[in-house]
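This report describes how two protein chains are arranged and what can be read from their backbone, core and contact surface. The sequence and the structure come first.

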Protein chains: 2
Amino acid sequence: MSDQMRMDRGIWDARVGQSRHDLSTPSLLLDLDVFEVNLKKMAEHSKSTGIGLRPHAKSHKCPEVALRQIGAGALGVCAATIDEAEALWRAGVKGILITSEMVGRRKIERLLTLSKTDTEVMSVVDNLSHLDDLNQAGQAAGVTLNVLIDMDLGLKRTGVAGIETGMALAERICALPSLRLRGISAYSSLSAHVIGYVERRAHSFQSMEPAIELLSRMRRVGMPAEILTGGSTGTYNIDSDIEAMTELQAGSYIFMDVDYEMIGGKGGPSFNDFGFSLTVLATVISKSHAGFATVDAGFKAFATDRPFGPELKGRSGLKYHFGGDEHGILEIEDGDDDLRLGDRLEFIVPHCDPTVNLYDHLYCVRGDRIEAVWPICRGYN
Amino acid sequence: MSDQMRMDRGIWDARVGQSRHDLSTPSLLLDLDVFEVNLKKMAEHSKSTGIGLRPHAKSHKCPEVALRQIGAGALGVCAATIDEAEALWRAGVKGILITSEMVGRRKIERLLTLSKTDTEVMSVVDNLSHLDDLNQAGQAAGVTLNVLIDMDLGLKRTGVAGIETGMALAERICALPSLRLRGISAYSSLSAHVIGYVERRAHSFQSMEPAIELLSRMRRVGMPAEILTGGSTGTYNIDSDIEAMTELQAGSYIFMDVDYEMIGGKGGPSFNDFGFSLTVLATVISKSHAGFATVDAGFKAFATDRPFGPELKGRSGLKYHFGGDEHGILEIEDGDDDLRLGDRLEFIVPHCDPTVNLYDHLYCVRGDRIEAVWPICRGYN
């Protein structure tokens, strides 16, 4: 833990033992009872199916969550940025896989610093010239870098476009002295939110085919490719049936959000395998117009990347509309207007990852009591 | 400056004197030359038209910017949240007007703390029961709270709905010993982005009518109502022609964004009264597909509340599409695919306020040199 984090903790630990009613709003709450059930459920799925679990920390950016995931049996955690990886590393988290290409002089320097002290840190590659950059930097620093081939599964975002390109990259890695090939990272983002379990299963199985084929080719020629990582909260109980996959990267399961609720579960139209542990607490700050109420949570309190907003927790008949940077307007749909100025409401977030990224702390509550305050290491350095 | 801020400054000041090429990405850049022209231009507009300027700090959440705005002649700054107000106050900023209702026990406590040490802090009200809460708390603490009537101008978000309600509130304020009536806050958010200068002018003039009438009524009965504050970057040279308005709250002018570029100016179809000083620096991290390139800046690097994304600065033929939390996909429209892995690109942001809210620091550059690093006091406490 850095000095800065220690100081933060000092300030925020003073809230421990207070009630959620003592918090200013908006605040980000974590219901520990629900969180712990989610944590346990995914850990048991991993254990019972035999697939490894390296949950994605981009969802929480919170070392305290990562340490609990590892405590429950995870191999480590994934990170999407070098900033996340550094924050996790400073907190003592082991088994970090950075799932984005660390391109550019400064990111490569930072990756080397991590890899020097933790020889198990891994990152991904999809480009020959990048391999040369990494190898040169690794040689100069006397550090071996663990790499996985990043494979595109249809989004055209990052990753090699096909099996031949993947094989060419793998061969080159094996020829470079400061790189160590570990396997393949293949995240099918297009599968994660396919509506309907059957459709999602078919989508994920088909999407993963080129990655499985590449892995098989690599292994046939004797390359060290022990890892095939991918998957999401939406496909956790689908990808564990794909024999070649060695690890799951699911992240959102610990929190859940409106986005994942909509995808449909194995047993019915609602995906309720995991509970809503994450909410935003807001206050009714204006009540000037019949049929409407205004809360103190807008674009800066909820992610806005989806075409829908947050949902009231445990309460129907109220529809949230974004009302600008700091405001949300509640439309009272059922005519039952018993909202009062100062009322405090809890919202399930539209999309958990970019919502968490708007806050510095998770207020961990059990019932009304604040049991812990966990720092969120958001931002870019 | 708090101990925490001082420590932050120590760490980040080490970057001063480095080149922008030394920065990791994504990073938030402020072009000081352009920023200073924007600052001066609005200050001169305020001076030449005789309207006061209290710029909105919700756009920057940055005490260093606020101090420069005041240095250039502003009366103070507006804040949208108690967190912003506290950060500004800690940095020695005077003349703070909080433009959201401070409802709820914790926010009232925090408002009292500020008001105790700075008797000029102001906030807004739109509700009788809120007045009683504020007065009670003020009496208990021996503090007089400066308040403005918040008037709704059509959005039904916050503010009194009509002139009679406004007068009733004003009368009550005058009767309460711990409240001091200062005037009216009337922000016409619906006017700010009306396309076309003539249309925007007509919209703002019409929208402001009830606020002007309320002010006139208040003054006729001898109420102390010296302030009528409102306006935006979009209406800065419109509202200064409204005789009753005493202050402008424009905020975005120091940065500009794609959203404001679109509204049209007094002299032509593009609103170019202020320059683009704010950009996000990103890196091409993947180049696996013909016609596309991927940068390391997505939902967590740019505001997503508008139906459009960022725009490349100083470069055409490339269209940005959001590619998830950490990625953007550039579509190469002109076929001239000279982008290379590791290329660093600058983007004009879609909407400045919620974009700034995603970063902890503004890297202030003059040419390529980092001249200063200014902390952004985002987040909620």
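Copies are superposed by least squares on the C-alpha atoms of residues with pLDDT of at least 70 in both. The model is a predicted one.

**Arrangement of the two chains**

Chain A superposes on chain B, with an RMSD of 0.0 Å, after a rotation of 180 degrees and a shift of 0.0 Å along the axis. The two copies are therefore related as by a two-fold rotation axis. Within chain A, the C-alpha nearest this axis belongs to A:Thr304, at 2.8 Å from it. Both copies use the same surface for their contact, since 100% of the contact residues of chain A recur in chain B.

**The contact between chain A and chain B**

Chain A brings 73 residues to the contact, and chain B brings 73 residues. About 5,900 Å² of area is buried between chain A and chain B, and carbon and sulfur atoms give 51% of this area. Three residues, A:Arg157, A:Lys300 and A:Tyr380, supply 13% of the area that chain A buries against chain B, which is more than any other three residues. Between the two chains there are 8 salt bridges. One of the salt bridges joins A:Lys58 to B:Asp325, with the closest N and O atoms 3.2 Å apart.

**Backbone features**

In chain A, the peptide bond between A:Thr25 and A:Pro26 is cis, with omega of about -5 degrees. A:Pro26 sits in the loop between helix 1 (3-13) and strand 1 (27-31) of chain A. Chain B has a cis peptide bond between B:Thr25 and B:Pro26, where omega is about -5 degrees. B:Pro26 is placed in the loop between helix 1 (3-13) and strand 1 (27-31) of chain B.

Another backbone feature concerns a lysine in each chain. A:Lys156 is not a glycine, yet its phi is positive, near 60 degrees. B:Lys156 likewise has a positive phi, of about 60 degrees. The table gives the place and the exposure of these residues.

| Residue | Loop | Relative accessible area |
|---|---|---|
| A:Lys156 | between strand 6 (145-150) and helix 7 (163-175) of chain A | 39%, partly exposed |
| B:Lys156 | between strand 6 (145-150) and helix 7 (163-175) of chain B | 39%, partly exposed |

**The nonpolar core**

In soluble globular proteins, nonpolar side chains tend to be buried together. The largest nonpolar core here has 199 residues, and A:Leu362 and B:Leu362 have the most contacts inside it. Leaving aside residues up to four places away in sequence, B:Leu362 touches residues including B:Leu28, B:Leu30, B:Cys62, B:Val65, B:Phe255 and B:Leu278. Others that B:Leu362 touches include B:Ala372, B:Val373, B:Trp374 and B:Ile376.

**Strand 14 of chain B and its partners**

How many residues of strand 14 of chain B are buried? In this strand, which covers residues 328-332, 4 of its 5 residues are buried, and the strand is mostly covered. Strand 11 (residues 292-295) of chain B runs antiparallel to strand 14 of chain B and is joined to it by 4 bridges. Strand 13 (residues 318-322) of chain B pairs with strand 14 of chain B in the antiparallel sense over 5 bridges.

B:Ile329 in strand 14 of chain B stands opposite B:Thr294 and opposite B:His321. Strands 13 and 14 of chain B form a hairpin with 5 residues between them. In the turn of this hairpin, B:Gly324 has a positive phi of about 110 degrees.

Note on methods: Residues numbered from 1 in each chain as written. Chains lettered and ligands numbered in written order. Predicted model: local features only at pLDDT ≥ 70, side-chain atom pairs only at ≥ 80, totals over all residues. Heavy atoms only, no water. Contact = heavy atoms within 4.5 Å. Helix = DSSP H or I, 4+ residues; strand = E, 2+ residues; numbered from the N terminus. Buried < 20%, exposed > 50% of the residue type's maximum accessible area, 1.4 Å probe, protein only. Core = buried A, V, L, I, M, F, W, Y, C linked by side-chain atoms within 4.5 Å. Pairing = 2+ DSSP bridges. Buried area = accessible area lost by both parts, 1.4 Å probe. Salt bridge = Lys/Arg side-chain N within 4 Å of Asp/Glu carboxyl O.
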